[in-house]
Amino acid sequence: VIKNTDLSAEITLQPVRRYGVDAAVLYSDIVVPAHAVSFGIDVAPGTGPVAEKPFRSESDLTRLRELQPEDVSYVSDTVDLLVRELQIPLLAFAGAPFTVASYLIEGRPSRTYQNTKLLMRANTALWHSLMERLTQHAVTFISTQISHGAEAFQLFDSWAGSLSRADYDTYVRPHSAQVFSQLRERHPNVPGIHFGIGCDHLLESMNTVGNAVIGLDWRTPIRTARTRLGSDTVVQGNLDPALVLAGRDIAIAGADDVLADNDSHPGHIFNLGHGVQPDTDPDILHEIVKHVHERTTRS
């Protein structure tokens, strides 16, 4: 679907038309760059990213060559189409080096990340070589989208919360920092968003990665994040997606709690604290967007 420009653009546009959101997020996937360089990974229905031959040794690095913009021309074509169509900003999208690495190494979604942590400790030199390559992928992938008209970007480190802060600081943070640093050099006026799940214990470390908006899941109150990171911290989040499944009244009450937690701070992008659950009622999402727009316009 991602390789089909018209279809990918249509999927990106549907929530914009249906809900009237304030920005569009490119329809994509975090393993697109690795797939584009023919590493051997795809998305299996009902499972997620699956690699038949996982990354385990030095020889696997040759299967993961550097990404070139022409490798993802179908993505830049989609961005071109969207920029012509949209009246709101388009956000670029990429997976952070650690989260992409976990899929390549484990070969599929994991709860323990045991092979990833083993490689990290048992062959540290190879680990950093892999992370450097995935940093190049993320920078090239995002930069290509920005060069074609995306106005901001989001880096998803979805599974960074599985790490201790010491391991994150040693094995992950320097590479994520390189993504933001290199993108600032190439596109100095383009803002970035940094997001992970279950990362409350990593907030201070993630905040030092770059001058980025901090995406919060539903576990960390916005006030708490600003107390720890600074009162001027810009945040994205963080309505619990489960509340959207509980009906309109509970969902709206949850949205009000998020707005109260933010306390009219101008540096807030209202969003869910992670993704939309597949069995979510789309009408409830519409009600939430409408309600938040009404509340924030009044304030």
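**Helices, sheet and cores in a predicted model**

In this predicted model, helix α4 (residues 97-106) and helix α5 (residues 114-122) have axes that come within 8 Å and cross at roughly 105 degrees. Angles of 65 to 115 degrees count as roughly perpendicular, so α4 is roughly perpendicular to α5. For readers new to this kind of description, two packed helices are described by the angle between their axes and the distance between the axes.

Who meets whom at this crossing? On the α4 side there are F98, S102, I105 and E106, and on the α5 side Q114, N115, T116, L119 and M120. The mix in this contact of α4 with α5 is four nonpolar residues, four polar and one charged.

Helix α4 is also well tucked away: 10 of its 10 residues are buried. That list runs through P97, F98, T99, V100, A101, S102, Y103, L104, I105 and E106. Right after α4 comes G107, which has a positive phi, near 85 degrees.

Next comes the sheet. It is open and has seven strands, in the order β1-β4-β5-β6-β7-β8-β9, with parallel pairing. The edges belong to β1 (24-25) and β9 (268-272); each has a single partner strand, so one side of each is left without a neighbour in the sheet. As background, strands of a sheet pair through backbone hydrogen bonds, either parallel or antiparallel.

Further inside the order, strand β5 (residues 152-156) and strand β6 (residues 192-195) run parallel and are joined by four bridges. Take F153 as an example: its bridge partner in β6 is G192. A helix joins the picture here too, as α9 (residues 222-229) packs on the sheet and touches β7 (213-215), β8 (235-239) and β9. The direction of α9 makes about 150 degrees with that of β8.

Finally, there are the nonpolar cores. The largest has 68 residues, and the ones with the most contacts inside it are F55, V75, L104, W127 and L130. Helix α6 (residues 124-147) gives the most to this core, with 10 residues. One of the well-connected residues, L104, is also among the buried residues of α4.

What does V75 touch, leaving aside its neighbours within four places in sequence? Its contacts are I2, L26, V32, F141 and Q145. A second core, separate from the largest one, has 21 residues, and L229, V244, A251 and I284 are included in it.

Definitions and conventions: Residues are numbered from 1 along each chain as its sequence is written. This is a predicted model: local features need pLDDT of at least 70, side-chain atom pairs count only at pLDDT 80 or more; totals for chains, interfaces and linings use all residues. Side-chain values use heavy atoms; hydrogens and water are left out. Two strands pair if DSSP finds at least two bridges between them. Helices (H or I, at least four residues) and strands (E, at least two) are DSSP runs, numbered from the N terminus. Contact means heavy atoms within 4.5 Å. Axes are lines fitted to C-alpha atoms, for helices over the stretch in contact, and angles run from 0 to 180 degrees between N-to-C directions. Angles under 35 degrees count as roughly parallel, over 145 as roughly antiparallel, 65 to 115 as roughly perpendicular and the rest as oblique. Ala, Val, Leu, Ile, Met, Phe, Trp, Tyr, Cys and Pro count as nonpolar, Asp, Glu, Lys and Arg as charged, and the others, Gly among them, as polar. A nonpolar core is a set of buried Ala, Val, Leu, Ile, Met, Phe, Trp, Tyr and Cys residues joined through side-chain atoms within 4.5 Å. Buried means under 20% relative accessible area, exposed over 50%, partly exposed in between (1.4 Å probe, protein chains only).
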